[in-house]
Amino acid sequence: MTQTKENRRSFRVSETVYVRFEVLSDEEFEQGLEHRKLQKGSSDGAQAKLVDLEARLNETLFLMKAESPKIADCLSLLNDKLNVVVEQLPSLRKTKASLTKEKPQDCDISADGMIFCTDHELNVDDKLHLQALLSSDNRYLETFCRVVRVTDPPESSAGNYRYGVGVEFVNMPRAQREILIQYMVSRESESLRIRRLEIDENGEIQKQ
């Protein structure tokens, strides 16, 4: 089971993301994300509990699909219903709306970190408060992170950004990390399914 979870954490996908970050002092970084939310007046206990429930449902679904598909389908419906409720939370809707004003960019993202581009000069070991919105399914992420690499931007973004930045997530809430892992797994499964269809289709064409 441990190896399976580690494999899931290693999945990395390319995703169009709206990114916003703020450089933190060492003191702000040590105080943690929840303390920062309280300072900013944006703490939402109900939102945190709902996100945690979604993560626990997702984890159960992952284990249940192979053993009891019907139960997994039922849990999936419950999870979809929960997501509708979460999406209506005023604070979350406001945050997502403000993030979409940022310029979207193609990012590599995994459960442990991500690579994005910026015009802001950063240094290795800088601490950041990061907010991100994945455009494909409107998934919101908020976490502290640490800069581990600063490079030239990818060729696809060279004309728009000055730097490429690699960060590792720090103390990301377990619920949020599990949701991200589940997303990586689903994207990987979908990619494998598409590749299999392409291989089968090419095989049929060659036979003809």
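Let's start with helix α6 (residues 90-99), where Leu-92, Thr-95, Lys-96 and Leu-99 are the buried residues. Because these four span an arc of only 95° around the axis, they sit on the same side of α6. Turned away from that buried side is a face carrying Pro-90 and Lys-94, both exposed.

Keep in mind that this is a predicted model. The chain has an average pLDDT of 79, and 79% of its residues score at least 70. Confidence is lowest in helix α1 (residues 2-10), with a mean of 52, and highest in strand β6 (residues 163-170), with 95.

Strand β6 also takes part in a closed barrel of six strands, in the order β1-β2-β3-β6-β5-β4, with antiparallel pairing. From one strand to the next, the twist averages 50°. Strand β3 (residues 113-118) runs antiparallel to β6, and six bridges join the two. One of the residues involved is Gly-113, whose bridge partner in β6 is Glu-168.

Another barrel strand, β4 (residues 127-134), contains Lys-127. Is Lys-127 buried or exposed? Lys-127 counts as buried because its relative accessibility is 13%, under the 20% cut-off. Its side chain has these polar partners:

| Partner of the Lys-127 side chain | Distance |
|---|---|
| Asp-26, side chain | 3.4 Å |
| Asp-125, backbone oxygen | 3.5 Å |

Beyond neighbours within four places in sequence, Lys-127 is in contact with Glu-22, Val-23, Leu-24, Asp-26, Phe-29, Cys-145 and Arg-146. Asp-26 thus appears both in this list and as a polar partner of the Lys-127 side chain.

Definitions and conventions: Residues numbered from 1 in each chain as written. Predicted model: local features only at pLDDT ≥ 70, side-chain atom pairs only at ≥ 80, totals over all residues. Heavy atoms only, no water. pLDDT = per-residue confidence, 0-100. Buried < 20%, exposed > 50% of the residue type's maximum accessible area, 1.4 Å probe, protein only. Arc of directions from axis to C-beta. Pairing = 2+ DSSP bridges. Axes fitted to C-alpha atoms, helices over the stretch in contact; angles between N-to-C directions. Polar contact = N/O pair within 3.5 Å; in protein donor to acceptor, adjacent residues only side chain to side chain. Contact = heavy atoms within 4.5 Å.
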